[in-house]
Structure formats: C-alpha cells, structure tokens
Amino acid sequence: MNLALWIASGLLAAVSLTGGITKTFVPREKLAALNGGEWTGHASVGFIKTIGVLELLAAVGLILPAVLDIAPFMVPVTAVCWVLLMVGAMIIHVRLNQFKLVMVNLGYVALAAFIAWGRFGLEPFTA
C-alpha cells in the first residue's frame, strides 16, 4: 500500500507541477487559446498566477515533506487542499459546459482522496 500511495503522490505531484508551471509562466492569452483554458479569459492574471503558485506548492507538499522527513503530516493535508482546489475547478468547468474536464478533475479528486485516506490512516509516515 505504501508503494501505491507513493506512486499516486508522484503522479499527482507531476500533474500539479505541470499545471502550476503553465499557469504561472504562460501568458493568459496563450492559456485562453488552449483547449480547456477558456476559463482564463474570464479570470484576472493575478488569479491565474495564484492558482499556478498553489499548484506548484501542492507539487512540493505532496513529495518533499515525506522525502525530507520534515512535517510529513503535510502530505495528506496537501492532498485535502488539492481536493478543494479541484472542486473549484470542477465548478468552473461545469459553468463552461466542459464536462470532459470535470471528469478529469474528478479523477484528480479520487487520486488525492486516496492519498489523504492512505496517509492519514492506512499508511501514515509516522512509525
């Protein structure tokens, strides 16, 4: 189970890192032109960059606390925060009738919920 949780954390961290880099460093006009990026046309640049930074922090929070053994309880806390972030993303995608992206976000929610459930109770990092 520990291995499955590490794999899930790595996958979610990779998704988070990719999304965070994109939202933080790609101009809003380019994001709005991408499939699924239509929501950025209605959002301020500051909001988009804030979401990007949150995703970058999530990528760090899903891996580094456990690897460095510094506050490893932050891994499941980060997973819960990721669930909340994805619920917000799903609301935006529903409003834009992007139901395929809602399903993608639902997959991310399931992955994050698995990590939170596993690290809070089933396989915590503490001995």
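Let's start with the second largest pocket. Its lining is L54, L57, A58, G61, M74, V77, T78, C81, W82 and L85. Two elements each give two or more residues to that lining, α3 and α4. Of these, α4 gives the most, with 6 residues. The space inside is about 200 Å³. By class, we have 8 nonpolar residues, 2 polar and no charged ones. One caution before we go on: this is a predicted model.

Now the overall fold. How many helices and strands does the protein have? There are 5 helices and 0 strands. Along the sequence the pattern reads α-α-α-α-α. The radius of gyration is 15 Å, and the globule rule gives 14 Å for 127 residues, so the protein is as compact as a globular protein of that length. Along the principal axes, the C-alpha atoms fill a box of roughly 50 × 25 × 20 Å. Buried residues make up 37% of the 127. Next, contacts between residues at least 6 apart in sequence. Of those, 67% join residues at least 24 apart.

Next, the largest pocket. Its volume is about 660 Å³. It has 28 lining residues, and the closest to its centre are K23, W39, E55, H93 and N105. Which elements give two or more residues to the lining? They are α1, residues 2–25; α3, residues 45–68; α4, residues 74–95; and α5, residues 99–122. The largest share, 8 residues, comes from α4. By class, the lining has 15 nonpolar, 11 polar and 2 charged residues.

A word on how to think about these spaces. Rolling a probe the size of a water molecule over the atoms shows where empty space is left.

So α4 deserves a slide of its own. In the largest pocket, α4 gives the largest share of the lining. In the second largest, α4 again gives the most. The helix has 22 residues. From first C-alpha to last, α4 reaches 32 Å, close to the 32 Å expected at 1.5 Å a residue. Which residues of α4 are buried? The list is V75, P76, T78, A79, W82, V83, L85, M86, A89, M90 and H93. What do they pack against? The buried residues of α4 pack against α1, α3 and α5.

Keep the helix geometry in mind here. An α-helix has 3.6 residues a turn, so residues three or four places apart point the same way.

Three names on that buried list also line the second largest pocket. T78, W82 and L85 are buried in α4, and T78, W82 and L85 are among the lining residues of the second largest pocket. H93 links to the other pocket. H93 is buried in α4, and H93 is one of the residues closest to the centre of the largest pocket.

On to α5. This helix has 24 residues and reaches 32 Å from its first C-alpha to its last, close to the 34 Å expected at 1.5 Å a residue. Its buried residues are V102, N105, V109, A112, I115, A116, G118 and R119. Note N105 on that list. N105 is also one of the residues closest to the centre of the largest pocket. What covers the buried residues of α5? The cover includes α1 and α4.

Over to α1, for one residue. T22 is found in this helix. Buried, exposed or in between? T22 is partly exposed, because its relative accessible area is 26%, and partly exposed means between 20% and 50%. T22 and E55 are 33 residues apart in sequence, but 9.9 Å apart in space, C-alpha to C-alpha. E55 we have met already, among the residues closest to the centre of the largest pocket.

Last topic: backbone angles. Look at the loop between α3 and α4. D69 sits there. D69 is not a glycine, yet its phi is positive, about 55 degrees. D69 is exposed, with a relative accessible area of 60%. A71 lies in the loop between α3 and α4 too. A71 also has a positive phi of about 55 degrees and is not a glycine. A71 is partly exposed, with a relative accessible area of 30%. One further case comes just after α4. There, N97 takes a positive phi of about 55 degrees.

To recap the pockets: the largest has about 660 Å³, and the second largest has about 200 Å³.

Note on methods:
Residues numbered from 1 in each chain as written. Predicted model: local features only at pLDDT ≥ 70, side-chain atom pairs only at ≥ 80, totals over all residues. Heavy atoms only, no water. 1 Å grid on protein atoms, 1.4 Å probe; cavity = no way out; pocket = protein on both sides within 12 Å on 5 of 7 lines; lining within 4 Å. Points joined across faces, edges and corners; volume = space filled by probe spheres on them. Helix = DSSP H or I, 4+ residues; strand = E, 2+ residues; numbered from the N terminus. Nonpolar A, V, L, I, M, F, W, Y, C, P; charged D, E, K, R; others polar. Expected span 1.5 Å × (residues − 1). Buried < 20%, exposed > 50% of the residue type's maximum accessible area, 1.4 Å probe, protein only. Contact = heavy atoms within 4.5 Å. Rg over C-alpha atoms; globule rule 2.2 N^0.38 Å.
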